[in-house]
Amino acid sequence: MVHEATADEWRGWRAATEAALYGPEGFYRRPEGPAGHFRTSVHASPLFARAVAGLLCRVDEALGRPDPLDFVDLAAGRGELTAGVLEALPAEVAARTRAYAVEIAARPGGLDPRIVWRAEPPRRITGLLFANEWLDNVPLDIAETDAAGVPRLVLVRRDGAERLSDPVPEADARWLRRWWPLTGEEGLRAEIGLPRDEAWASAVACVERGLAVAVDYGHTADARPPFGTLTGFRAGRETAPVPDGTCDITAHVALDACAAHAEGVHALPRARLLRQRDALRALGIAGARPPLTLASTDPAAYVRALAGAGEAAELTAEGGLGDFGWLVQPVGARDPLTEDPLTEA
C-alpha cells in the first residue's frame, strides 16, 4: 500500500513520487488519463502505432511466426497504442496476436475486447514488449551536493519544498559513481536511476523470445545534465514538480545504465540505443513530402500524403519527438531493426 504523506512530512523524492503518481488519488488514476495532460508520440499520429505494428511484424518473422504472438504495451495509458497496433496489423498476424495493455488504472470503456487489460505484464512473452514513456515515470531519489561536496538525498514535502538530508546510501552512491558522478561543486544534482535499471531488467525478464523496447527522453554518461531533469506536467504545460497528485512528475532516463543492468543480470546480447527518428525511418516513417506531380493527377491522394508527411515529420523532428531514445533489447532472437543475426539466448 502506498503511504500518503501529510502536508508537513518530509520524504525522499522516490517515495513522494510513488504516492503522487500511483497512490489511491494519484495522477495516473485520474479519469482523463495521461492524454489530458501531455502529448506523446502515440497521440501525435496514428503513424506511430503503424510503425510499432510494423516492428511487431518484423519480430514475428524473426521468431518464425509463432502462434500466439504477444504484444505487450507497458504503461498503456488508456490503451490507445494497443488498439492502434491491432488495427494496423495484417489480418493474418492480428489473428495470432495476444495483445496486453499494462496499466494501473481501471480498464476504459469501449476498448477493443481483444485487448487483455492487466496491472502487470505477463510472465512468459513471445513477441514484443513495448514501453513508451514508462521509465521516466518510475520513481527515483534525487541527490544534491552540499557545501562540502558530499552528495545528499533531497527530501520534499507535498507542496514541493525541498531540503537536504543524509548522505546518499552506499548502493545509490555506487550507482552515482558508475553512471552519474557528481563533482564537489555545491548544488549539482543527479537522479539516482537504480530503481529504473531494476524495473527495466524485471520487464525484460518477462520476455522469453523476442524484443523489448523502451522509448523515452534520455541521456547517456557523456552528457548528463548537471542539475538533473526533474519536472512536472499539468494540462499540457510544463510546471514545477509538486508531489501532491495534481501533476505528472517525470525525469529523463539514463538509458545506458538501464541497458547495461539488464544485459548483466540476464546475460543478454548487447542492446542498442538509437534516436526515435532513426528507429522510425528504419520502419518506413520518413516524413518526405509527396511529389508535386501527384497534386495534378490525384489531388485527394496528394492531400492525404501531405498530411501523413507532416505527421511523420513531427514524430522524427530534431528538438522534439525525434529526440526520444529507443532502447532495443533482443532476447533469444535477432534484432529485427538490423540484418545482423544475434546468438540465441
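This passage describes the nonpolar cores, a small set of paired strands and the main pocket of a predicted model. Local features need pLDDT of at least 70 and side-chain atom pairs count only at pLDDT 80 or more, while totals for chains, interfaces and linings use all residues. Residues are numbered from 1 along each chain as its sequence is written, and side-chain values use heavy atoms, with hydrogens and water left out.

The largest nonpolar core (buried Ala, Val, Leu, Ile, Met, Phe, Trp, Tyr and Cys residues joined through side-chain atoms within 4.5 Å; buried means under 20% relative accessible area, 1.4 Å probe, protein chains only) has 45 residues. Leu-128, Phe-130 and Trp-326 have the most contacts inside it. Helix α3 (residues 46–62) provides the largest share of this core, 10 residues; helices are DSSP runs (H or I) of at least four residues and strands (E) of at least two, numbered from the N terminus. Apart from this core lies another, of 28 residues, including Trp-200 and Leu-255. Leaving aside residues up to four places away in sequence, Phe-130 touches, among others, Phe-48, Val-52, Leu-55 and Trp-326 (heavy atoms within 4.5 Å).

Turning to the strands, an open antiparallel sheet of 3 strands has the order β13-β12-β14, where pairing requires at least two DSSP bridges. Strand β12 (residues 231–234) is joined to β14 by 3 bridges, and Phe-233 stands opposite Asp-248 in β14. The edge strands are β13 (237–239) and β14 (248–250).

Finally, α7 (194–204) is one of the elements that each supply at least two residues of the lining of the largest pocket, and α7 gives the most, with 3 residues.

Key
Buried < 20%, exposed > 50% of the residue type's maximum accessible area, 1.4 Å probe, protein only.
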